[in-house]
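Please look over the following structure with its side-chain contacts in mind. The report is written for a reader at the bench who wants to follow each contact residue by residue.

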Amino acid sequence: MLCSVALAVVASAATARPAHHRQQVAQAASQGDSADRDVRYSGGPASAATAAPTTEPQARHRRSMSAYEAAQSHSNSAFAGYTGNSLVEEARRYIGTNPTGRGSLWCGAFMDMVLKRTGHAGGGNLAWGYSRYGTHIAGPQVGAIAVMHGHVGVVSGVDANGNPIIVSGNHNHTVAEAVYPRGRIAAYVMP
């Protein structure tokens with residue numbers, strides 16, 4: 001069971017990788033000895049005999065990307081995720097962590113920290129306070145602060161449907177980059 005879960009995770013993560021990584025894996029597979037492993041990581045090839053057979057629902061799951069993976073793929077499609085925006089780059093440094101040390105209600109504190117570390121004036125610890133910060137703009141723009149009722153983050157991109165991709169603190173208790181419905185955004189402001 002554990003092997004099949006690991007295979008599902010590896011297989012679904014592989015679909016979200018840039019094309020040049022998939023090409024490396026395909027080239028290694030054509031060489032024969034490393035068809036069962038990703039050549040970018042050390043270690044021997046996985047044993048096909050130890051892997052449990054996958055069911056059709058698991059196979060379907062591996063072929064589809066989650067909304068987050070799709071957003072990452074879209075936001076990282078140009079320049080390997082580099083945006084040229086210091087606010088976005090600084091916010092992304094903390095993905096998967098809680099640099100504020102707070103236990104709750106820390107998205108505003110995270111935004112304040114990122115602003116100060118990039119040379120901007122801080123905006124305070126409360127998300128809604130950012131609706132009165134900076135210069136209001138009409139729509140999502142990389143580097144803009146997206147203000148929602150009870151949440152705040154920095155726009156890192158826009159998905160194919162016009163929804164903003166936002167890096168924010170306290171997204172499931174960590175800093176994360178995710179797609180938010182555009183209707184949820186109350187204001188966009190530039191620092």
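What follows describes the aromatic pairs and the salt bridges of this predicted model.

## Aromatic pairs

The structure contains two aromatic pairs, one of which is formed by Tyr 94 and Phe 110. A pair of aromatic rings is described by the distance of the centres and the angle of the planes. For Tyr 94 and Phe 110 the centres are 6.1 Å apart and the planes stand at 85° to each other, an arrangement that is edge-to-face. The assignment follows because planes over 60 degrees apart count as edge-to-face.

Tyr 94 is placed in the loop between helix H5 (86-92) and helix H6 (107-117), whereas Phe 110 belongs to helix H6 itself, so the pair ties together parts that are 16 residues apart in sequence. Both partners, Tyr 94 and Phe 110, are buried.

## Salt bridge between helix H5 and strand S5

The model has three salt bridges, and one of them joins the side chains of Arg 92 and Glu 177, with an N to O distance of 2.9 Å. Arg 92 sits in helix H5 and Glu 177 in strand S5 (residues 174-179), so this contact ties together parts that are 85 residues apart in sequence.

How buried or exposed are the two partners, Arg 92 and Glu 177? Arg 92 has a relative accessible area of 15% and is buried, and Glu 177, with a relative accessible area of 2%, is likewise buried.

## Salt bridges with one exposed partner

Arg 93 makes a salt bridge with Glu 90, in which the closest N and O atoms are 3.0 Å apart. Here the two ends differ in their surroundings: Arg 93 is exposed, with a relative accessible area of 58%, while Glu 90 counts as buried at 10% relative accessibility.

Within helix H6, which also holds Phe 110 of the aromatic pair, a salt bridge links Lys 116 to Asp 112, and their closest N and O atoms are 3.1 Å apart. Where do Lys 116 and Asp 112 lie with respect to each other along the helix? They are four residues apart, which is about one turn of the helix. Lys 116 counts as exposed at 52% relative accessibility, because exposed means over 50%, whereas Asp 112, at 10% relative accessibility, counts as buried, because buried means under 20%.

Notes
Residues numbered from 1 in each chain as written. Predicted model: local features only at pLDDT ≥ 70, side-chain atom pairs only at ≥ 80, totals over all residues. Heavy atoms only, no water. Phe/Tyr/Trp six-rings, centres within 6.5 Å; stacked < 30°, edge-to-face > 60°. Helix = DSSP H or I, 4+ residues; strand = E, 2+ residues; numbered from the N terminus. Buried < 20%, exposed > 50% of the residue type's maximum accessible area, 1.4 Å probe, protein only. Salt bridge = Lys/Arg side-chain N within 4 Å of Asp/Glu carboxyl O.
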